[in-house]
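Here are my notes on the model you sent. Please read them alongside the coordinates.

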Amino acid sequence: ASRLALDTTLARFVFDPDRPDHRRAVAELYRHARVVSHVALEDRVVLEADTPRKLLERLSRFVSEIPA
């Protein structure tokens, strides 16, 4: 488990809560990443999560920022 923890990146994701594919991606993040922030705005949801790199590749279209 500790090896997997080292292979994560903190990333910020932006989702449209009205789109089914975006809701599936949010569920996938909650299943496989460690969500550290969830902000629901009127027309979007912003999540920050320590994300496994493989999942980050799969969800790259939703990434708004990867802090340095």
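The points below go from the overall fold to the sheet, the helix on it and the aromatic residues.

1. Status and fold. This is a predicted model. The chain contains 3 helices and 4 strands, and read from the N terminus its elements follow the order α-β-α-β-β-α-β.

2. Burial and surface. The chain has 68 residues, of which 31% count as buried. About 4800 Å² of the chain is exposed, with carbon and sulfur atoms supplying 51% of that area.

3. Contact range. Taking contacts between residues at least 6 apart in sequence, 63% join residues at least 24 apart.

4. Sheet. The 4 strands make an open sheet in the order β2-β3-β1-β4, and the pairing is antiparallel. At the edges are β2 (34-40) and β4, each of which pairs on one side only. From one strand to the next, the twist averages 35 degrees.

5. The β2-β3 pairing. Strand β3 (residues 45-52) runs antiparallel to β2, and 6 bridges join the two. One bridge to inspect pairs A40 with V45 in β3.

6. Helix on the sheet. Helix α2, residues 20-32, packs on the sheet and touches β1, β2 and β3. The direction of α2 makes about 40 degrees with that of β3.

7. Aromatic pairs. How many aromatic pairs does the model hold? The count comes to 2. F13 and F15 form a stacked pair, with 6.1 Å centre to centre and 15 degrees between the planes. The cut-off for stacking is under 30 degrees, so the 15 degrees of F13 and F15 meets it.

8. The second pair. Is the pair of F15 and F62 stacked, tilted or edge-to-face? Their ring centres lie 4.9 Å apart and their planes are at 40 degrees, so the pair is tilted. The pair links distant parts of the chain: F15 belongs to strand β1 (residues 8-15), while F62 is in the loop between α3 (53-58) and β4 (63-65), 47 residues away.

9. Burial of the rings. F13 has 0% relative accessibility and therefore counts as buried. F15 has a relative accessible area of 2%; because the limit for buried is under 20%, F15 is buried as well. F62 is also buried, as is its partner F15.

10. Cluster. Which residues form the aromatic cluster? F13, F15 and F62 form one cluster. In it, F15 takes part in the stacked pair with F13 and in the tilted pair with F62.

Definitions and conventions:
Residues numbered from 1 in each chain as written. Predicted model: local features only at pLDDT ≥ 70, side-chain atom pairs only at ≥ 80, totals over all residues. Heavy atoms only, no water. Phe/Tyr/Trp six-rings, centres within 6.5 Å; stacked < 30°, edge-to-face > 60°. Buried < 20%, exposed > 50% of the residue type's maximum accessible area, 1.4 Å probe, protein only. Contact = heavy atoms within 4.5 Å. Areas by Shrake-Rupley, 256 points an atom, 1.4 Å probe, with all protein chains shown as cover. Pairing = 2+ DSSP bridges. Axes fitted to C-alpha atoms, helices over the stretch in contact; angles between N-to-C directions.
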